[in-house]
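Thanks for coming. I have one structure today, and I will keep it short.

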Amino acid sequence: VGTVPLRLSDADSGTPIAAAHVTLWEKLPNGELRWAAQMETDAQGAALFDLEGVSRTSIVNGVEPQPSGRVYVFQVKNPFDGEYRKYFSPLIDSEG
């Protein structure tokens, strides 16, 4: 039961990219990346991740719920080039 879906496809043809290794990193306040999870895409190029703290809130001193402030980024290596260049998603701070 994941909260953040990921779908990989070839930009030119739209063909799903199956069996791609996707790494999830948490971006720490100091800018460092900490490993959070790794998953392989299914036959449709999809994977569903649970991002701890994303879109969850907590009540602080009886005040309105506040966002948790956790931020994540996905990383995938390009399976079509011999260099296996790393590509990163935009920063993720909410479900969807």
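**Phenylalanine 49 and its surroundings**

Let me start with phenylalanine 49, which has a relative accessibility of 1% and therefore counts as buried, the cut-off being under 20%. Keep in mind that this is a predicted model.

Now the partner. Phenylalanine 49 and phenylalanine 74 form an aromatic pair, with 4.9 Å from centre to centre and 55° between the planes, so the pair is classed as tilted, since over 60 would be edge-to-face and under 30 stacked. The two rings link distant parts of the chain: phenylalanine 49 sits in strand 4 and phenylalanine 74 in strand 7, 25 residues apart. By the rule used, the count of aromatic pairs is one.

Phenylalanine 74 has a relative accessibility of 5%, so phenylalanine 74 is buried as well. Setting aside neighbours within four places in sequence, phenylalanine 74 contacts residues including Val4, Leu6, Val22, Leu24, Phe49, Tyr87 and Ile92.

Next, the core. The largest nonpolar core has 15 residues, and those touching the most other members are Leu6, Leu8, Val22, Leu24, Phe49, Leu51 and Phe74. Strands 1, 2, 4 and 7 each supply at least two residues of this core, and strand 7 gives the largest share, three residues. As background, nonpolar side chains in soluble globular proteins tend to be buried together.

Finally, the whole chain. The protein chain has eight strands and zero helices. Of its 96 residues, 28% count as buried. The chain exposes about 6600 Å², with 52% of that supplied by carbon and sulfur atoms. Among contacts with a separation of 6 or more, 46% are between residues 24 or more positions apart.

Note on methods: Residues numbered from 1 in each chain as written. Predicted model: local features only at pLDDT ≥ 70, side-chain atom pairs only at ≥ 80, totals over all residues. Heavy atoms only, no water. Helix = DSSP H or I, 4+ residues; strand = E, 2+ residues; numbered from the N terminus. Buried < 20%, exposed > 50% of the residue type's maximum accessible area, 1.4 Å probe, protein only. Contact = heavy atoms within 4.5 Å. Areas by Shrake-Rupley, 256 points an atom, 1.4 Å probe, with all protein chains shown as cover. Core = buried A, V, L, I, M, F, W, Y, C linked by side-chain atoms within 4.5 Å. Phe/Tyr/Trp six-rings, centres within 6.5 Å; stacked < 30°, edge-to-face > 60°.
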